[in-house]
Amino acid sequence: MKHTRLFTSVIALGLMAFGASAQEYSFRFQSSDPAGNPNFEYQVGWTEVLKEMTDGKVVVEMLPVGTIVDYKETLDAVGAGILDGHICDTSYFTGKDPAFGLIANPVGAWSDPAQMIDFVENGGGAELMRELQEPYGVYFIGVSTPGLEAFVSKVPLDGVDDLKGVKMRSPEGAIANVFRAAGAAPVNLPASEVYTALDKGVIDAADYSVFSVNNEQGLNEIAKHPVYPGFHSLPLVEVSMNKAKWDALPEDIQKAFYDSVKVFQETQVGGLMERDQAAVAAAEAEGITVHNWSPEERAKFRALAKEEWKSLAEGSPMAQKVYETLTTYLTENGLLN
């Protein structure tokens with residue numbers, strides 16, 4: 001696929017442009033994804049790009065989830081120097097400050113990865129991330145995402161009104177609150193029970209993962225009305241490292257980190273989107289009906305979600321700051337209309 005080839009091209013250019021060079025910096029980063037997961041493979045690809053961009057001066061060992069600490073503990077571990085950095089979903093730190101959850105995955109805010117990425121890179125999101133992480137001794141480098149999660153459903157869902165009365169699997173917290181406000185009946189189930197619960201009719205729908213993963217798990221075979229692209233969840237995945245170690249790096253190495261994370265972002269987003277589109281085509285060929293919500297229906301869901309954002313904003317001064325920056329961005333870009 002073309003996005004996989006992008007990594008190869010960057011590496012090849014690096015090999016041609018530079019001769020051998022001694023390693024000068026060695027770091028250990030931990031992922032929130034397991035080895036073998038497509039997201040983890042893209043993260044390993046990032047370390048290879050960074051190595052080539054720095055002529056071998058920077059070597060990052062990418063560790064799977066849980067290797068050194070639990071996935072919810074990496075922020076503290078990075079700040080303490082137990083890990084040098086991490087690549088993870090920022091929402092895992094919501095317990096420390098609701099601002100983490102609000103910036104990481106504001107329910108219903110995004111209809112395309114490009115919107116969230118632009119918010120982070122050009123709409124004040126990066127500055128908020130750095131302010132949030134400063135007290136922990138961590139520095140935010142850049143952002144990626146696996147993309148919009150699809151929605152699994154046994155019943156046709158073409159808009160907000162169709163959610164009324166739908167029994168659906170959803171994590172507790174903000175997303176469940178928004179679905180409840182839409183008239184759905186959220187049920188908190190572990191991922192391991194979703195297939196059986198759908199099959200036996202315990203639930204009608206489920207928040208699970210991106211379309212290609214849902215399809216690989218066989219969920220669309222028993223729930224033949226998936227919504228794609230999704231309308232509810234698009235996680236911010238951060239690449240961050242220990243701030244003291246970041247500050248000690250020369251500018252050219254810092255620039256290589258920024259540039260390589262951008263390559264990682266473009267490769268992951270594009271590559272997983274291609275996987276999803278191929279899975280959609282395969283699913284439709286098997287008689288599965290894929291529902292794509294109109295901009296108007298997405299806006300209705302976003303309007304419900306905005307009330308939950310307001311509630312989260314009351315949780316801390318930083319959450320209020322995130323709310324104000326987020327809603328300003330969405331308003332100026334016509335995404336709340």
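This passage looks at how aromatic rings pair up in the structure. The model is a predicted one, and 21 aromatic pairs are found in it.

A good place to start is the pair formed by Phe-119 and Tyr-329, whose ring centres are 5.4 Å apart. The angle between the two planes is 65°, and because planes over 60 degrees apart count as edge-to-face, this pair falls in that class. Phe-119 belongs to helix H5, which covers residues 113-122, while Tyr-329 belongs to helix H14, covering residues 317-332, so the contact ties together parts that are 210 residues apart in sequence. Both partners are buried: Phe-119 has a relative accessible area of 2%, and Tyr-329 has one of 9%.

A second pair joins Phe-211 and Tyr-228. Here the ring centres lie 5.5 Å apart and the planes stand at 65°, so this pair is edge-to-face as well. Phe-211 is in helix H9 (residues 211-216), whereas Tyr-228 sits in the loop between helix H10 (219-222) and strand E9 (237-242); the pair therefore ties together parts that are 17 residues apart in sequence. Phe-211 is buried, with a relative accessible area of 0%, and Tyr-228, at 15%, is buried too.

Ring pairs can also link up into a wider group. In this model they connect Tyr-25, Phe-27, Phe-29, Trp-46, Tyr-139, Trp-246, Phe-257 and Tyr-258 into a cluster. Phenylalanine, tyrosine and tryptophan are each represented in that cluster, with Trp-46 and Trp-246 among its members.

Note on methods: Residues numbered from 1 in each chain as written. Predicted model: local features only at pLDDT ≥ 70, side-chain atom pairs only at ≥ 80, totals over all residues. Heavy atoms only, no water. Phe/Tyr/Trp six-rings, centres within 6.5 Å; stacked < 30°, edge-to-face > 60°. Helix = DSSP H or I, 4+ residues; strand = E, 2+ residues; numbered from the N terminus. Buried < 20%, exposed > 50% of the residue type's maximum accessible area, 1.4 Å probe, protein only.
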